[in-house]
Amino acid sequence: MLGEKVTVADKTAAPAPFEPKIVAFCCNWCSYAGADGAGTARKQYPANVKIIRVPCSCRVNPLFILRAFQRGADGVILCGCHPGDCHYMTGNYYTRRRLTLLMSMLNFMGVATERLRVEWVSASEGARFAEIMTSFVEQITALGANVKLRDLRCKK
Amino acid sequence: MQKIGVFVCWCGSNIATTVDVAQVVAAVKTIPNVAFAADYKYMCSEGGQELIHKAVQDYQLDRIVVCSCSPRMHEATFRNCAEQVGINPYLVEIANIREQCSWIIKDRAQATAKAIQLAKAAIAKVRFNTPLTPGESKVVKRALVIGGGIAGIQAALDIAEAGYKVDIVERQPAIGGRMAQLDKTFPTLDCSACILTPKMMDAANHPNIKLYTYSEVEAVSGFVGNFEVKIRQKARSVDAKRCTGCGICTEKCPSRKTSSEFELGLKTRGAIYIPFSQALPKVPVIDREHCLKFQTGKCGICSKVCPAECIDYTQQDEIITEHYGAIVAATGFDLLPLDKFGEYGYQDSPDVITSLEFERLTNATGPTEGHLVCPSTGKEPKSVIIVSCVGSRDTSGRGKTYCSKICCMYNAKQAMYIREKYPQIDVTVFYIDVRTPGKAFDEFYRRAVEEFNVHYIKGQVGKVLKDARGGLTVFASDLLSDKHLMLHADMVILATAVKPAAGARKLATMLTASMDNDDFFTEAHPKLRPVESPTAGIFLAGMCQGPKDIPETVSQAGAAAVKVVGLLAKDKLRTNPCVAHCQENICSGCLACEKVCPYGAITAETKTVINLAGVKEQRTVAVVNQTLCQGCGACTVACPAAAMDLKGFSNQEILAEVDALC
């Protein structure tokens, strides 16, 4: 399994289960509120997901995502309002285009496209937020660690 | 050196049960620049805020991180708290360890570890925060109410009474909405028109209220305090100023085959019509699709008979542009279409009707002048069956999962008025539950059962069929006696689910207001801010926010009006300082930012700047209008030089969070 590669250095210890690092960028108006909704409804989802709040999904520079991968994130998920529902009218359309472009280059850069996901989650979709996060963590766990960049990153 | 204070909230037991707050405090204390860390039972309480104040003074803190509930809940509280003790409110960051830790993770070790990481990310971000000062924007002292039903009328009246100008936009030719269609209202059984018409009159005659009927909102731009709204006033083909409302044109119109919208298709109307007798404004409108003059060029009778000479076939739609400080959405409801509910036979028999159609059938101004008759025969029914929850509380996917809330009460009301006027008619109500919370509501329902002898049967109706004798056969179950029933009825009334009015989603998109999965407008907080949309300056009244009865609608409309008045009473608003700004010395003037800005907040200006080589030069740079900018950040990503950045969510700040989390 790919996941076991992380622990090969220490052969004496039992391999710790792979816990992926996941960064979720959530827009303030829909998805972050959706995450709050998941909390309010006590919908459980894995602790691996760490949320960064941004005003709009279009605030997320693709370079932030690459930075996260470079620093060793195993998966990045970007959540915005549903198309047509953007608080700033057109923000998520920019996101959609920019991320389509990034997606097309991700493999070339050595990151499996499956490690990046874009989802539209509205403020009322707390349960869906939890489901998406759970499925994304499962997907990344199955993919294993983001070995390529993790080996290269400038951090012990 | 920066001195950061970290305050970890227990939120009573909400956080402390699953997150080891002491461990979070111990962990953050080791981080450079953290000069103070403490935990407290309720950080948002007075005691908690005093703790923050005292720590700031004792340790000369200059930045604050609060690990607590969602920033959408208490960011403002802690920013105010910081401001009181002399710290710029934008030097406060919140780590959301309730909604994102304790409430979604059961494992204490995992939740604590995540809480520590979120705290670290917030600390990493706050290091780069800069003091920000909100700007000011003007407030246009005029409100817009969208929808002229009881919710809109009440909201407009309350705003107008407080001394502010208010416009009502109603897409129908007259105001009044659904309430105008009702016969009587629960729990008092007073006539709906008798209590609504005076309010309609007040609204139509109020010096501060302007009505735009037969009009729709076409476009909305701007923001709280100054929305620019385009209203399409559809052509009535009648000069409203000259028309006296005599109605001769509507009587003489030869085209009589159009079904009346107001009468829900139970009656026809002319191509030129006034929707109902108490309509306000009492000005007819020509339905061009069915008008012989418009369709064939011949006719023109209305024009010939009009004594005021106000028929104008050349009238065009008019676009009115107006500015408003606040907007109230009061767009009301429709009934769920019954095409997916074939088992009730609504499509097969005219004697199967919706509750709203029943209201018209018993209304003295309705198609039968209030005589209850079966639409198929014109004869009085001998037995009536009422079916509750048609499309409500439906998890099959055909209907709505929510309870429509008003049906149990109007079922009792309708059963009562049948039994009161026609004691010989037998009335049976099939129900899943009878839900009658509310003042004098349960007493009302009991009166239906005990005084009016309405039969209530717990169970669902499975099928309604036309039978050979001309009536209806109803197959149902009686859950309490565990029996299958086959009953005869002459009329079946379906208590049909309510849903937000058609077009509500389109409007929400224009207002950038959010909606839930059922297309009801979302409130800013379900308990504490129930009449406000999360979008500043947009307020909610009535059914568009969720199912509710008339008393609740009126209360909500009043509450929305108070919020509007509170907003309009201010001369200036503090604007969000988290806006874009351009670092002019590295801006190349390519203006990629200008093209993506949805607010037109970015313009090109020729300026003298000192370039990176330290040389003074004159060139074009992008300049952000701080009042127009709403802070989405689209421009920051478009900028190839990273000259454009967003205050409060800067590249540095977000990258610091990324680094802290990975």
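These exercises walk through a predicted model.

**Exercise 1. The contact between the chains**

Task: Find how many residues each chain gives to the contact, and which elements of chain B take part.

Solution:
- Step 1. Count both sides. Chain A gives 42 residues and chain B gives 42 residues.
- Step 2. List the elements of chain B that give two or more residues. They are α4 (98-102), α5 (108-128), α17 (634-638) and α18 (651-661).
- Step 3. Pick out the largest share. Helix α18(B) supplies it, with seven residues.
- Step 4. Sort the chain B side by residue type. It holds 19 nonpolar, 15 polar and eight charged residues.

**Exercise 2. The nonpolar cores**

Task: Locate the residues of the largest nonpolar core that touch the most other members.

Solution:
- Step 1. Take the core as a whole. It has 139 residues.
- Step 2. Name the residues that touch the most other members. These are B:Ala143, B:Ala155, B:Ala156, B:Val328, B:Ala329 and B:Val492.
- Step 3. Ask which helix gives the largest share. Helix α12 (residues 407-421) of chain B does, with nine residues.
- Step 4. Look around B:Ala329. Beyond four places in sequence, its contacts include B:Ile146, B:Leu507, B:Phe521 and B:Cys544.
- Step 5. Turn to the second, separate core. It has 132 residues, among them A:Ala33, A:Leu78, B:Val8 and B:Ala638.

**Exercise 3. The domains of chain B**

Task: Give the bounds of domain 1 and domain 5 of chain B, then the distance between their centres.

Solution:
- Step 1. Read the bounds. Domain 1 covers 4-128 and domain 5 covers 580-646.
- Step 2. Take the centres over C-alpha atoms. The centres of these domains of chain B are 35 Å apart.

Definitions and conventions
Residues numbered from 1 in each chain as written. Chains lettered and ligands numbered in written order. Predicted model: local features only at pLDDT ≥ 70, side-chain atom pairs only at ≥ 80, totals over all residues. Contact = placed C-beta atoms within 7 Å. Helix = DSSP H or I, 4+ residues; strand = E, 2+ residues; numbered from the N terminus. Nonpolar A, V, L, I, M, F, W, Y, C, P; charged D, E, K, R; others polar. Core = buried A, V, L, I, M, F, W, Y, C linked by C-beta atoms within 7 Å. Buried ≥ 20, exposed ≤ 12 C-beta atoms within 10 Å, placed from the backbone. Domains from an automatic or database assignment.
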